[in-house]
Amino acid sequence: MIYHTIRVGFLKEVTEEQKQEVALKFHQMGNEIKSVNFYGVGKDIGGEFEMGAIFALNNIEDYKDYMHNPIHRQMDSLGLPLVKNMISQDLTDDPDPQIKNKIEEIHAKRFENDKELSLLVKGLSSYKGSGIPK
């Protein structure tokens, strides 16, 4: 299982309505992306972040499907312009010794093949995680 977590802190000027739109898009991702086993969305308690989401994926193939799903890309276009700080992390119990490299490769190819997405992420004040554009 791979547990993909996202934590975001919004720009000061972002409205509660815009934040709600982001939450609804996270829910759409969890409900409509078939590779998601289960998910959760909610307030991020403690620290500099306001909202978080977790998506559980059975294996690296499901992870790749999730990352490349058009609904995920819609979320990037909706949410990233509203975000100041973000962390995207992965926890896994997958015994494959290459799992870290495989996850990083999925992110690298995603950014390499989508320059607009890469620019959106590079435009954040702070971004940390398992997939950082070069």
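1. A word on terms before the cavity: Ala, Val, Leu, Ile, Met, Phe, Trp, Tyr, Cys and Pro count as nonpolar, Asp, Glu, Lys and Arg as charged, and the others, Gly among them, as polar. With that in hand, the lining of the largest cavity splits into 15 nonpolar, 5 polar and 2 charged residues. Keep in mind that we're looking at a predicted model.

2. Sticking with that cavity: the count of cavities of 30 Å³ or more comes to 1, and the largest cavity holds about 250 Å³ of space. It has 22 lining residues, and the closest to its centre are Ile6, His72, Asp76, Leu80 and Met86.

3. Who builds the wall? Two or more lining residues of the largest cavity come from each of strand S1 (2–10), H1, helix H2 (60–68), helix H3 (70–79), strand S4 (83–92), helix H4 (99–113) and helix H5 (115–122). H3 gives the most, with 4 residues.

4. Now the open side of things. The largest pocket has a volume of about 190 Å³. Its lining consists of Glu16, Lys19, Gln20, Ala23, Val41, Gly42, Lys43, Glu50 and Met51. Helix H1 (16–32) and strand S2 (36–43) are the elements that give two or more residues to this lining, and H1 gives the most, with 4. By class, the pocket lining divides into 3 nonpolar, 2 polar and 4 charged residues.

5. On to the rings. The structure holds 4 aromatic pairs. Take Phe26 and Phe55: their ring centres are 6.2 Å apart and their planes sit at 45°, so this pair counts as tilted. The pair links distant parts of the chain, with Phe26 in helix H1 and Phe55 in strand S3 (residues 51–57), 29 residues apart.

6. Are those two rings' residues buried or exposed? Phe26 has a relative accessible area of 5%, so it is buried. Phe55 is at 0%, so it counts as buried too. The cut-off behind both calls is under 20% relative accessible area.

7. Phe55 has another partner, Tyr39, and this pair is stacked, at 6.1 Å centre to centre with 15° between the planes. Here too distant parts of the chain are linked: Tyr39 is in strand S2 and Phe55 in strand S3, 16 residues apart. Tyr39 has a relative accessible area of 25%, so it is partly exposed.

8. Last point, pulling the rings together: ring pairs link Phe26, Tyr39, Phe55 and Tyr66 into a cluster.

Technical notes: Residues numbered from 1 in each chain as written. Predicted model: local features only at pLDDT ≥ 70, side-chain atom pairs only at ≥ 80, totals over all residues. Heavy atoms only, no water. 1 Å grid on protein atoms, 1.4 Å probe; cavity = no way out; pocket = protein on both sides within 12 Å on 5 of 7 lines; lining within 4 Å. Points joined across faces, edges and corners; volume = space filled by probe spheres on them. Phe/Tyr/Trp six-rings, centres within 6.5 Å; stacked < 30°, edge-to-face > 60°. Buried < 20%, exposed > 50% of the residue type's maximum accessible area, 1.4 Å probe, protein only.
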